[in-house]
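Good morning, everyone, and thank you for making time for this. Please have the sequence and the model open in front of you, and I will walk through a few parts of it slowly.

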Amino acid sequence: MVKRLTAWVVDGDPLGFGTMSSVARGRVREMMGEVMTAQGRSLPTDDTADLREIGFRSLDFSELALRVEDELGDELNFDAPGLRRIATVGDVLDFIEHLQSA
Amino acid sequence: MSEVSLVPPASVVLVSGGSRGLGLAIVTDLLAAGLKVAAFARTVTPELAALSEKYPDHLHFGSVDINDAEAGQAFVKQVEQVLGPIDALVNNAAIGQDSLHVHTSADHLSEIIRTNLTSPLILTRFVLRRMLAKGLKGRIVNITSICAQRGYPGLVAYSATKGGMDAATRSLARELGGRILANSVAPGFFASEMSAVLGQTQLDQIVRRTPTGHLTEPEDVLPVVRMLLLENTNINGQVLVVDGAASI
């Protein structure tokens, strides 16, 4: 539970008890690893790793986005064209980051 | 990379419109097969309540209007707590129609589309999100109708919604990449429905034109739904018609 709370970035609240606005990149990467592990694969440490080569498919991205939503408490809806531009692990993390800031 | 990864048999099934008719028959059949079943409908019938006495640990039911998305989603979360994660959905809830298109009010037309198409898609979206977020595989069975494939007077909007669900079934099967199997079961007209609107002479004529010699009964549909929920058949994105070949 502590691990989960430390992953939050808290905006504008000096006491740290206010609105939880986004899930940190490191935590998203951790969740991406969990999605892959559940399917018997592993997530490379290199952000330039190709998604096709590591077997991370669009449905895996959906699962990751839903896990992030669960922690965020808000929906991250997006159109398919945005997803098609994603090719590497870093792209996934960038895209999730972008969705949260949109 | 290609891996053969089968979708396991369903264990916790959510059935919409499970209080009467085919829905109730599906609930009863799945409980008898040992599955955990959650059922909702606008009105809970004594028959559904009686089933919960027979299967207290396997059946969870509630009074929920399919058009009340918030209530539906709350029910799904409740089911997960009581029975465990849902890994199968039977979209059965629907309202019928018996009016010519030109004499169907715009409001009634919207109500048919909302109940039979929009709300099931919203429920499906929510259940799928829960399944995917938990890393589950699962199965969806949409109960549609022969009306989606053949024209019948008095059923214009109803037919459009059932055709819409069949089309959604195919796209879901593609979109979900084999992780969730999505299929439709399309019964012909049930004997009970036909007898309510047709005279005996007309009924006899339809039966004569049906190669199997009898109209569809809920019992004809149950094994097909059960198969799609439990068996490994590689059937995905299909519409299985159960009508004794009356429509061919």
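**From one strand pair to the whole chain**

Let me begin with a single pair of residues: Val13(B) stands opposite Ala88(B), a residue of strand E4(B). Before I go on, please keep in mind that this is a predicted model.

The pairing I just mentioned belongs to two strands, E1(B), which covers residues 12-16, and E4(B), which covers residues 88-91, and they run parallel to one another over three bridges. E1(B) also pairs with strand E2(B), again in the parallel sense, and here there are five bridges. Within that second pairing, Val12(B) has Lys36(B) as its bridge partner, while Leu14(B) is placed opposite Ala38(B). If you follow the chain from E1(B) to E2(B), you pass through helix H1(B), residues 21-32, and this β-α-β crossover is right-handed.

How much of E1(B) is covered? Five of its five residues are buried, and this holds for both faces, with Val12(B), Leu14(B) and Ser16(B) on one side and Val13(B) and Val15(B) on the other.

Now let us move to E2(B), residues 36-41, where six of the six residues are buried, so this strand is largely enclosed by the rest of the structure. Its side chains can be sorted by direction: Lys36(B), Ala38(B) and Phe40(B) point one way, whereas Val37(B), Ala39(B) and Ala41(B) point the other way, and all of them are buried. For those of you who are new to this, a residue is called buried here if 20 or more other C-beta atoms lie within 10 Å of its own.

Which strand does E2(B) pair with besides E1(B)? That is E3(B), residues 59-63, which pairs with E2(B) in the parallel sense over five bridges, and in this pairing Val37(B) has Leu59(B) as its bridge partner. The connection goes through helix H2(B), residues 46-54, and together E2(B), H2(B) and E3(B) form a right-handed β-α-β unit.

I would like to stop next at one loop residue, Ile86(B), which sits between helix H3(B), residues 69-82, and strand E4(B). Is Ile86(B) buried or exposed? It is buried, because 23 other C-beta atoms lie within 10 Å. Leaving aside residues up to four places away in sequence, the contacts of Ile86(B) include Val12(B) and Leu14(B), two residues that we have already met in E1(B), and among the others are Val76(B), Val79(B) and Val127(B). By contrast, Ala106(B) is 20 residues from Ile86(B) in sequence, yet their C-alpha atoms are 36 Å apart in space.

Let me turn to two residues whose backbone angles deserve a look. Most residues other than glycine have a negative phi. Asn234(B), however, is not a glycine and has a positive phi of about 65 degrees; its place is in the loop between helix H8(B), residues 218-230, and strand E7(B), residues 239-242. Asn234(B) counts as exposed because it has 9 other C-beta atoms within 10 Å, and the cut-off for that word is 12 or fewer. Ala245(B), in the segment after E7(B), likewise has a positive phi, of about 70 degrees, without being a glycine, and with 11 C-beta neighbours inside 10 Å it counts as exposed.

Having looked at these details, we can step back to chain B as a whole, which has eight helices and seven strands. Of its 248 residues, 42% count as buried. A compact globule with 248 residues would have a radius of gyration near 18 Å, and chain B, at 18 Å, agrees with that. Its C-alpha atoms fill a box of roughly 50 × 45 × 35 Å along the principal axes. Among contacts between residues at least 6 apart in sequence, 71% join residues at least 24 apart.

Two records from UniProt, both from unreviewed entries, can be set beside this. One gives "domain: Ketoreductase" for residues 11-193 of chain B, a span that is 47% helix and 19% strand. The other gives "domain: Carrier" for residues 22-100 of chain A, where the span is 62% helix and 3% strand, with its end C-alpha atoms 6 Å apart.

Finally, how do the two chains meet? Eight residues of chain B are in contact with nine residues of chain A, and on the chain B side these are four nonpolar, two polar and two charged residues.

Key. Residues are numbered from 1 along each chain as its sequence is written. Chains are lettered from A and ligands numbered from 1 in the order in which they are written. This is a predicted model: local features need pLDDT of at least 70, side-chain atom pairs count only at pLDDT 80 or more; totals for chains, interfaces and linings use all residues. Helices (H or I, at least four residues) and strands (E, at least two) are DSSP runs, numbered from the N terminus. The radius of gyration is taken over C-alpha atoms; the globule rule is 2.2 Å times the number of residues to the power 0.38. Two residues are in contact if their C-beta atoms, placed from the backbone, lie within 7 Å. Ala, Val, Leu, Ile, Met, Phe, Trp, Tyr, Cys and Pro count as nonpolar, Asp, Glu, Lys and Arg as charged, and the others, Gly among them, as polar. UniProt positions are given in the numbering used here, feature names are shortened, and annotations may be inferred rather than shown by experiment. Two strands pair if DSSP finds at least two bridges between them. A crossover is right-handed if, with the strands pointing away from the viewer, the path from the first strand over the helix to the second runs clockwise.
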